[in-house]
Every structure is written in C-alpha cells, then in structure tokens.
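User: I'd like a close look at one lysine and whatever surrounds it. Here's the model.

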Amino acid sequence: MKRGAGWLDAELFEGDWRFKLGDVSMNATYVAAQDYPDCGPIASAALEKKGCRYAAMGIHAAEGGKLRMLRVIYVFDSEAEATAAAESVEETDIDLPTGSLVADDVIGKWVAKDSAKAVVVGFVTAQKGVPEDTVDDYLHYGTADIAGALIFMDL
C-alpha cells in the first residue's frame, strides 16, 4: 500500500532480516508483513486514543523455526504523542495478528520503544531449547534496528 512520501508501509519488513553490529550477527527468515491504514485492527482503543494514526507489522522466524519475532510500528502525529504512548503502552494494548507468535512457546517477551513519530513494539516468543539470552538478543536488536531506521524517515 503505497501512500507517497512520509508514509511507512510493510515493505520495510519484507525479506529476510540480516543484522550485524560488531561481534553480533543475527538472521531471521521473512514470514509475513502487513499494512494497517488505521490502528484499530492491531491496537486497542486505548492506543488509538493516544493518537495512533496507522501501523505496519512484520514477522520473522529464526532458530530453525523455534523463535518468532514480531515488530509493529505505530505512527503518531507528533514525537510527543509517540513518546507518551511508548511510556504508557501495555501488552493488552496490542492486538497480535494470527501467526505472530511461535506455537507452544515457553518464553515470551516484549518491549516498546519510541522513535521519531512512531512507537516500535517488539514481541519475541520461543520454544523449548532456545536460550533466554537468544530471545533477549532478538528482542533488543530486532526492535532497535527498526527504531533506528525510523529516525531517518520522514513520517
């Protein structure tokens, strides 16, 4: 869904995710991505009341399919709205898309970070056998990678 300059879309998530920073190297396989012309289908009314205009999400898998990483970007009208939303967002404010979590997960973590006029929410779930520090790394670097990219975009 192309909307012109200043519009973020799911294309940002398409393709496999390859990340390298110093000694850290991570890879995840593309699963799905989707645009949301408004926040309703992927957020609670509480997040919409905080000023969410539209959203995009991407899902990637790693660790032989035993780990799933979901990243959702919620776009707001101002940096102040995004910052306030990131500081007050709760897990129940996010309506997770079908298939965004790995089946039979034993570890599940999430984080919200503000970046420019957006909030990036990352969820990582993993099955038995995936170390918790691996989940933490995917959560931290996967969310920070998208948040960092948004700094350079005119939302």
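What is the relative accessible area of Lys109?

Analyst: Quick housekeeping before the lysine. This is a predicted model, so take the values as computed: local features need pLDDT of at least 70 and side-chain atom pairs count only at pLDDT 80 or more, while totals for chains, interfaces and linings use all residues. Numbering starts from 1 along each chain as its sequence is written, and side-chain values use heavy atoms, with hydrogens and water left out.

Now the lysine. Lys109 has a relative accessible area of 24%, which makes it partly exposed (buried is under 20%, exposed is over 50%, partly exposed is in between, with a 1.4 Å probe and protein chains only). Lys109 makes a salt bridge with Glu132, where the closest N and O atoms are 2.7 Å apart (a salt bridge being a side-chain nitrogen of Lys or Arg within 4 Å of a carboxyl oxygen of Asp or Glu). That pair ties together distant parts of the chain, with Lys109 in strand β5 and Glu132 in helix α3, 23 residues apart. Lys109 also meets the side chain of Asp136 in a salt bridge, at 2.6 Å from N to O. Here too the link is between distant parts of the chain: Asp136 sits in helix α3 and Lys109 in strand β5, 27 residues apart. So you get a network of salt bridges linking Lys109, Glu132 and Asp136. As for the acids, Glu132 is partly exposed at 44% relative accessible area, and Asp136 is partly exposed at 31%.

Next, the strand that carries Lys109. β5 covers residues 107–115 (helices, H or I with at least four residues, and strands, E with at least two, are DSSP runs numbered from the N terminus). β5 belongs to an open sheet of 6 strands, in the order β1-β2-β3-β4-β6-β5, with antiparallel pairing (two strands pair if DSSP finds at least two bridges between them). In general, strands of a sheet pair through backbone hydrogen bonds, either parallel or antiparallel. β1 (17–21) and β5 stand at the edges with a single partner strand each, so one side of each has no neighbour in the sheet. On average, neighbouring strands of this sheet are turned by 25° against each other, direction ignored (axes are lines fitted to C-alpha atoms, for helices over the stretch in contact, and angles run from 0 to 180 degrees between N-to-C directions). The partner of β5 is β6 (residues 118–126), paired in the antiparallel sense over 9 bridges. One of the residue pairs there is Lys113 with Val120 of β6.

The helices come in next. Helix α3 (residues 132–151), which supplies Glu132 and Asp136, packs on the sheet and touches β1, β2, β3, β4 (67–75), β5 and β6 (contact means heavy atoms within 4.5 Å). The direction of α3 makes about 20° with that of β5. Helix α2 (residues 79–88) lies across β5 and β6, running at about 155° to β5.

Head to the end of β5 and you reach Ser115, which is buried at 4% relative accessibility. Leaving out residues up to four places away in sequence, Ser115 touches Ala147, Leu150 and Ile151. The side chain of Ser115 also reaches the backbone oxygen of Ala147 at 2.5 Å (polar contacts are N or O atoms within 3.5 Å; within protein, one must be able to donate a hydrogen and the other to accept it, and residues adjacent in sequence count only if both atoms are side-chain atoms).

Some context from elsewhere in the model: the salt-bridge count comes to 5. Among them is Arg18 with Asp16, whose closest N and O atoms are 3.7 Å apart. Arg18 is exposed at 60% relative accessible area, whereas Asp16 is partly exposed at 40%.

Another acid, Asp35 in strand β2, counts as buried at 15% relative accessibility. A polar atom of the Asp35 side chain lies 2.4 Å from the backbone nitrogen of Ala10.

Last, the cysteines: the whole structure has 1 disulfide, joining Cys39 to Cys52 with 1.8 Å from S to S (the cut-off is a pair of cysteine sulfur atoms within 2.5 Å). The link of Cys39 and Cys52 is left-handed, with -65° about the S-S bond. Cys39 is buried at 0% relative accessibility, and Cys52 is buried at 10%.
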